[in-house]
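Here is a quick briefing to read alongside the model. Have a look at the chain first, then work through the points below.

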Amino acid sequence: MQSSGHRQRDTEQHQPLLSADNDPEAGAGPLCPPADQDGLWFIQDGCGIVCGVVTWLLVLYADFVVNLVMLLPNKSLWYSVINGALFNFLVVMALASHLRAMLSDPGAVPKGNATKEYMDSLQLKPGEVIYKCPKCCSIKPQRAHHCSICKRCIRKMDHHCPWVNNCVGEKNQRFFVLFTMYIALISVYALCLSFLQFYSCVNDQWNECTDFSPPVAVMLMIFLCLEAFLFLTFTVVMFGTQIHSICNDETEIERLKNEKPTWERRVRWEGMKAVFGGPPSILWFNPFTGLRLRRLLMTRTRRSGVEFSV
């Protein structure tokens with residue numbers, strides 16, 4: 001309120017939100033519904049769910065072709081064991097990263113916290129301006145943006161990715177980067193194994209280098225190569241973009257809007273340590289770091305779909 005020494009503004013209308021005319025105590029009613037409590041969530045977006053399922057199916061298809069078409073029929077036991085172990089390890093890490101990116105809170109601002117009681121508890125300095133998102137009725141922190149799909153304001157929102165059915169923001173950017181990295185490694189590995197398999201089968205009898213008939217084996221490996229090439233192109237671009245954004249402490253939205261930084265930028269290693277947590281370590285590449293298995297209680301929210309409170 002103006003009379004309380006601070007101002008609150010609507011981020012879209014740029015007008016004072018609280019004044020003597022709409023004071024809740026003056027009979028205008030509360031500004032927003034009570035703030036909800038958030039946990040691990042799953043966004044009920046049809047496009048995102050389809051993209052997430054397709055991602056898993058394509059990764060599992062690559063795992064099927066590599067293991068059953070190329071490695072198991074191979075005459076060299078050590079070749080099959082070593083490559084099978086490495087490839088399946090990368091698959092597990094990629095799918096784990098995908099799950100963490102999809103089910104982790106990306107940095108959502110509590111919904112409906114723009115109430116008079118909450119504002120009074122902030123103890124703002126005289127003349128200080130705070131902003132409210134008119135869509136999710138929340139106090140909007142610096143560098144937060146509203147996602148129309150998640151229906152929430154997300155801290156340091158980079159973009160909404162349908163392939164993980166979630167926003168990429170302050171709390172899950174690390175998992176998205178790991179997901180793109182492991183998918184790129186899987187793609188390169190699958191291409192190398194496919195080329196070796198083609199070379200081996202051309203020199204030997206096709207019936208001896210695979211348990212599948214030659215036409216079926218060729219079609220399966222050709223589709224795998226196309227999939228791997230497309231995934232490699234996409235993930236390398238996304239991985240490079242994410243690393244560039246982290247090192248420059250600038251989200252994709254801020255770059256596209258050409259927003260001038262009003263914050264103290266973390267550069268290079270400082271930005272990497274902020275996203276991945278702590279100094280350089282092998283734990284940076286572990287998507288299971290910080291995972292705590294607890295009993296998940298499924299709850300429903302009015303706008304964000306199904307969320308899981310821990």
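Which residue forms a salt bridge with Arg143, and how far apart are the closest N and O atoms? The partner is Asp249, with the closest N and O atoms 3.2 Å apart. Keep in mind that this is a predicted model, with a mean pLDDT of 80 for the protein chain.

**Confidence**

- Of the residues in the protein chain, 79% get to a pLDDT of 70 or more.
- Residues 1–31 stay under 50 in pLDDT, and the model gives them 65 contacts beyond four places in sequence.
- Residues 295–310 are also below 50, with 48 contacts in the model beyond near neighbours in sequence.
- Where pLDDT is low, the predicted coordinates should not be read in detail.

**Overall build**

- The protein chain has eight helices and ten strands.
- It runs to 310 residues, and 45% of them are buried.
- Take the contacts between residues at least 6 apart in sequence: 69% of those join residues at least 24 apart.
- The accessible surface adds up to about 16900 Å², and carbon and sulfur atoms account for 62% of that.

**The salt-bridge network**

- Five salt bridges are counted in the model.
- Back to the opening pair: Arg143 sits in the loop between strand 4 (138–140) and strand 5 (144–147), while Asp249 is in the loop between helix 6 (214–248) and helix 7 (252–257), so their salt bridge ties together parts that are 106 residues apart in sequence.
- Both ends of that pair, Arg143 and Asp249, are buried.
- Arg143 has another salt bridge, to Glu254, and here the closest N and O atoms are 2.8 Å apart.
- Glu254 belongs to helix 7 and Arg143 to the loop between strand 4 and strand 5, so this pair ties together parts 111 residues apart in sequence.
- Arg143 counts as buried because its relative accessibility is 12%, which falls under the 20% cut-off.
- Glu254 counts as buried too, because its relative accessibility is 0%.
- Asp249 also pairs with Lys156, in a salt bridge of 3.5 Å from N to O.
- That one links distant parts of the chain as well: Lys156 is in the loop between strand 6 (152–155) and strand 7 (159–161), and Asp249, in the loop between helix 6 and helix 7, is 93 residues away in sequence.
- Lys156 and Asp249 are both buried.
- Put the shared partners together and you get one network of Arg143, Lys156, Asp249 and Glu254.

**Nonpolar cores**

- The largest nonpolar core holds 44 residues, and Val65, Met70, Phe87, Leu224 and Phe276 have the most contacts inside it.
- Helix 1 (46–71), helix 2, helix 4 (173–203), helix 6 and helix 8 (269–276) are the elements that each give two or more residues to this core.
- Helix 4 supplies the largest share, 13 residues.
- Leaving aside residues up to four places away in sequence, Val65 touches Met70, Leu220, Met221 and Leu224.
- Another core lies apart from the largest one and has nine residues, including Trp41, Cys147, Cys167 and Ile253.

**A nonpolar patch on the surface**

- Leu77, Trp78, Val81, Ile82 and Leu86 make up a nonpolar surface patch, with about 560 Å² of accessible area together.
- One of these, Leu86, lies in helix 2 (residues 77–103).
- Is Leu86 buried, partly exposed or exposed? Leu86 counts as partly exposed, because its relative accessibility is 45%.

Conventions: Residues are numbered from 1 along each chain as its sequence is written. This is a predicted model: local features need pLDDT of at least 70, side-chain atom pairs count only at pLDDT 80 or more; totals for chains, interfaces and linings use all residues. Side-chain values use heavy atoms; hydrogens and water are left out. pLDDT is the predictor's confidence in each residue, from 0 to 100. Contact means heavy atoms within 4.5 Å. Helices (H or I, at least four residues) and strands (E, at least two) are DSSP runs, numbered from the N terminus. Buried means under 20% relative accessible area, exposed over 50%, partly exposed in between (1.4 Å probe, protein chains only). Accessible areas come from the Shrake-Rupley method with a 1.4 Å probe; for residues, only the protein chains shown count as cover. Patches are made of residues with over 30% relative accessible area and no salt bridge: like charges are joined within 9 Å, nonpolar side chains (Val, Leu, Ile, Met, Phe, Trp, Tyr) within 5 Å. A salt bridge is a side-chain nitrogen of Lys or Arg within 4 Å of a carboxyl oxygen of Asp or Glu. A nonpolar core is a set of buried Ala, Val, Leu, Ile, Met, Phe, Trp, Tyr and Cys residues joined through side-chain atoms within 4.5 Å.
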